[in-house]
Amino acid sequence: MDIAKRYSIAYKGLKNGHHEFDFKVDDEFFAAMESTDIKGGDCDVHVTMERSETMLELGFAIEGYAVCECDRCLEDCKVPIEYDGELLVKFSAEVRDYDGEVMWISPADGEVSLTQYIYESIVLALPYSRVHNEGECDPDMLARFTVISEEEQSDEVEE
Ligand SMILES: [Zn+2]
């Protein structure tokens, strides 16, 4: 399924009021977004929506994990993701640029794609340091780095 369609809400046929949606973010999602930091993952995205004539008030709760390269051993590690956020989607014939809080769409669209918002939210939720828990790094990789740094040191001594 088209990644933009998979994470979209077709609000046109919905009544004004409260609605809820659940999406699943997986490896395919991150591959489609061509993410450089995130190799894969698995997150549940729960969306609440208050629909009115002029806008959609969306609330997001994202929970799961992303797979990143460990800063210490360079092997894949699972980084926990937890994100809560809000987004206003306003209907306007004159569509303006998304400013991080308000997204503008033409009322003729009939649906809103959340793909980019979900992706950016997960990237924001990534911790600065992405490492395995203590003791979970790949020991072979760590040993290789240690050997390299020892060789570098001995080279320096010879010079
Ligand atoms: Zn590691």
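In this predicted model, F145 is partly exposed, with a relative accessible area of 31%. F145 is part of helix α4, which covers residues 139-158. Together with L74 and I148, F145 makes a nonpolar surface patch of about 230 Å². A value of 31% places F145 among the patch-forming residues because the patch criterion asks for over 30% relative accessible area.

Attention now turns to the metal site. The zinc ion is held by four donor atoms: the SG atoms of C70, C73 and C137, and ND1 of H132. The coordination distances run from 2.0 to 2.4 Å. Angles among these four donors fall at 103 to 115 degrees, and the site is accordingly classed as tetrahedral. For readers setting up a metal-site search, the spacing of the donor residues in sequence is C-x2-C-x58-H-x4-C.

Two of the zinc-binding cysteines can be described further by their accessibility. C70 has a relative accessible area of 0% and is buried. C73 likewise counts as buried, at 0% relative accessibility. Both cysteines qualify because the cut-off for a buried residue is under 20%.

Finally, a word on cysteine pairing. A disulfide is a covalent bond between the sulfur atoms of two cysteines. The structure holds zero disulfides, while the sulfur atoms of C70, C73 and C137 coordinate the zinc ion.

Notes:
Residues are numbered from 1 along each chain as its sequence is written. This is a predicted model: local features need pLDDT of at least 70, side-chain atom pairs count only at pLDDT 80 or more; totals for chains, interfaces and linings use all residues. Side-chain values use heavy atoms; hydrogens and water are left out. Donors are N, O and S atoms within 2.8 Å of the metal (3.2 Å for Na, K and Ca); water is not among the atoms, so sites may look incomplete. Four donors count as tetrahedral if all angles lie between 85 and 135 degrees; four count as square planar and six as octahedral if opposite donors are over 155 degrees apart and all others between 65 and 115; anything else is irregular. Buried means under 20% relative accessible area, exposed over 50%, partly exposed in between (1.4 Å probe, protein chains only). Patches are made of residues with over 30% relative accessible area and no salt bridge: like charges are joined within 9 Å, nonpolar side chains (Val, Leu, Ile, Met, Phe, Trp, Tyr) within 5 Å. Accessible areas come from the Shrake-Rupley method with a 1.4 Å probe; for residues, only the protein chains shown count as cover. A salt bridge is a side-chain nitrogen of Lys or Arg within 4 Å of a carboxyl oxygen of Asp or Glu. Helices (H or I, at least four residues) and strands (E, at least two) are DSSP runs, numbered from the N terminus. A disulfide is a pair of cysteine sulfur atoms within 2.5 Å.
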